[in-house]
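Visitor: I am new to this structure and would like to look closely at a single part of it. Could you choose one strand and follow its surroundings outward, step by step?

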Amino acid sequence: GHVFRLSKTTGSGSPAAPSSVIMRINEDTLLEGEHVVLVPYNPDHVPRYHQWMSSSELQKLTASAPLTLEEEYDMQRSWREDDDKCTFIILDKQQWADPTVREEDCMVGDVNIFLTDPEDPSLGELEIMIADPSYRGRGLGKEVTRMMICYGVTKLGIQKFEAKIGMDNKVSIVLFKKFHFQEVSSSEVFREVTLELTVDEAQKKWLLGNMDFMQEKQYSKTRARRMGAESSVE
């Protein structure tokens with residue numbers, strides 16, 4: 001599956017200057033694709049997320065240590081407030097279209113853009129995790145990658161993407177190469193390869209030429225509408 005993630009402590013963790021609120025840019029953003037809906041990571045999502053991350057397979061693939069539920073809530077808060085991370089939870093659109101299904105029951109994974117270099121805000125590290133095994137191999141990773149590259153380029157001003165992937169995670173390496181990422185280095189110590197994509201004009205044309213595949217909506221309004229529909233169903 002497309003599970004490639006750095007440790008959960010990526011980023012400086014230092015307090016942000018008040019003026020730099022770029023990563024809260026997505027706190028009311030919902031991105032709707034063909035098969036997936038991307039929403040901001042909020043406290044309702046934490047128990048399910050915590051359940052995923054207690055899997056030893058995901059810990060190994062993501063190089064993360066298990067956290068307690070309490071620590072996971074802290075992590076969610078810091079991710080939401082940090083200005084160097086942009087996190088979306090991936091939902092199954094078909095499930096989500098049914099208002100009787102709770103949002104947290106539609107969760108299939110998450111996707112992040114980290115601004116790893118304080119000197120260069122145009123560099124973003126991309127990672128995607130399709131955590132639910134039954135959703136792997138269905139093209140969701142590809143759709144989410146395209147959505148996030150487009151979002152990163154158009155909304156965050158990113159010009160160069162980086163991905164660090166475990167050497168054994170062949171599926172993810174192949175996925176990124178489809179998006180013209182090039183392998184730039186590999187580390188035997190960390191057993192990971194680093195891939196890079198510089199978004200030049202040709203790339204932009206190829207990626208952003210037709211943006212119909214993705215719609216941006218207000219998360220709070222869409223969520224309220226969905227919950228309203230849910231209460232009228234009951």
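Guide: The model shown here is a predicted one, and it holds 15 salt bridges. One of them makes a good way in, since it leads straight to the strand I would like to follow: the side chains of Glu-32 and Lys-217 meet in a salt bridge, with a distance of 2.8 Å from N to O. Glu-32 belongs to strand β1 and Lys-217 to strand β9, so this pair ties together parts that lie 185 residues apart in sequence. The two partners do not have the same surroundings, for Glu-32, at 11% relative accessibility, counts as buried, whereas Lys-217, at 33%, counts as partly exposed. The contact also belongs to something wider, because salt bridges that share partners join Glu-32, Lys-93 and Lys-217 into one network, where a salt bridge is a side-chain nitrogen of Lys or Arg within 4 Å of a carboxyl oxygen of Asp or Glu.

Let us now stay with β1 itself, which covers residues 29–32. Both of its faces are covered: on one side Thr-29 and Leu-31 are buried, and on the other side Leu-30 and Glu-32 are buried as well. The salt-bridge residue Glu-32 thus shares its side of the strand with Leu-30.

Along its edges, β1 has strands for neighbours. Towards β9, which spans residues 215–218, there are four bridges, and the two strands run antiparallel. Within this pairing Leu-30 stands opposite Lys-217 of β9, the residue whose side chain meets that of Glu-32 in the salt bridge. Towards β2, made of residues 36–40, there are two bridges, and here too the strands run antiparallel. Glu-32 takes part in this pairing, with Val-37 of β2 as its bridge partner. The step from β1 to β2 is made by a hairpin, with three residues between the two strands.

Seen from further back, these pairings are part of an open sheet of nine strands with mixed pairing, in the order β7-β8-β6-β5-β4-β3-β2-β1-β9. The edges are held by β7 (182–187) and β9, each of which has a single partner strand, so that one side of each is left without a neighbour in the sheet. Neighbouring strands of the sheet are turned against each other by 25° on average, when direction is ignored. Helix α1 packs on this sheet, where it touches β3 (85–92), β4 (107–114) and β5 (123–130), and its direction makes about 90° with that of β4.

Helix α1, residues 46–53, also packs against another helix, α3, residues 69–81, at an angle of about 115° and with the axes 10 Å apart. Their crossing is right-handed. On the α1 side the contact is made by Val-46, Pro-47, Tyr-49, His-50 and Met-53, and on the α3 side by Leu-69, Glu-72, Tyr-73, Gln-76 and Trp-79. Sorted by character, the residues of this contact are seven nonpolar, two polar and one charged.

Between β2 and α1 there is a loop, and a second salt bridge reaches it: the side chains of Asp-44 and Arg-223 meet at 2.4 Å, N to O. Asp-44 lies in that loop and Arg-223 in helix α8 (residues 219–233), so the pair ties together parts that are 179 residues apart in sequence. Here Arg-223 counts as buried, at 18% relative accessibility, while Asp-44, at 33%, counts as partly exposed.

One further salt bridge joins Lys-85 to Asp-84, with the closest N and O atoms 3.5 Å apart, and both of these residues are buried.

To finish, the edge strand β7 is flanked by loops that each hold a residue with a notable backbone angle. In the loop between α6 (170–178) and β7, His-180 has a phi near 70°, a positive value in a residue other than glycine. In the loop between β7 and β8 (192–198), Arg-191 likewise has a positive phi, of about 55°, although it is not a glycine. His-180, at 36% relative accessibility, counts as partly exposed, and Arg-191, at 40%, counts as partly exposed too.

How values were computed:
Residues numbered from 1 in each chain as written. Predicted model: local features only at pLDDT ≥ 70, side-chain atom pairs only at ≥ 80, totals over all residues. Heavy atoms only, no water. Axes fitted to C-alpha atoms, helices over the stretch in contact; angles between N-to-C directions. Left-handed = near helix turned anticlockwise from the far one by under 90°. Contact = heavy atoms within 4.5 Å. Nonpolar A, V, L, I, M, F, W, Y, C, P; charged D, E, K, R; others polar. Buried < 20%, exposed > 50% of the residue type's maximum accessible area, 1.4 Å probe, protein only. Pairing = 2+ DSSP bridges.
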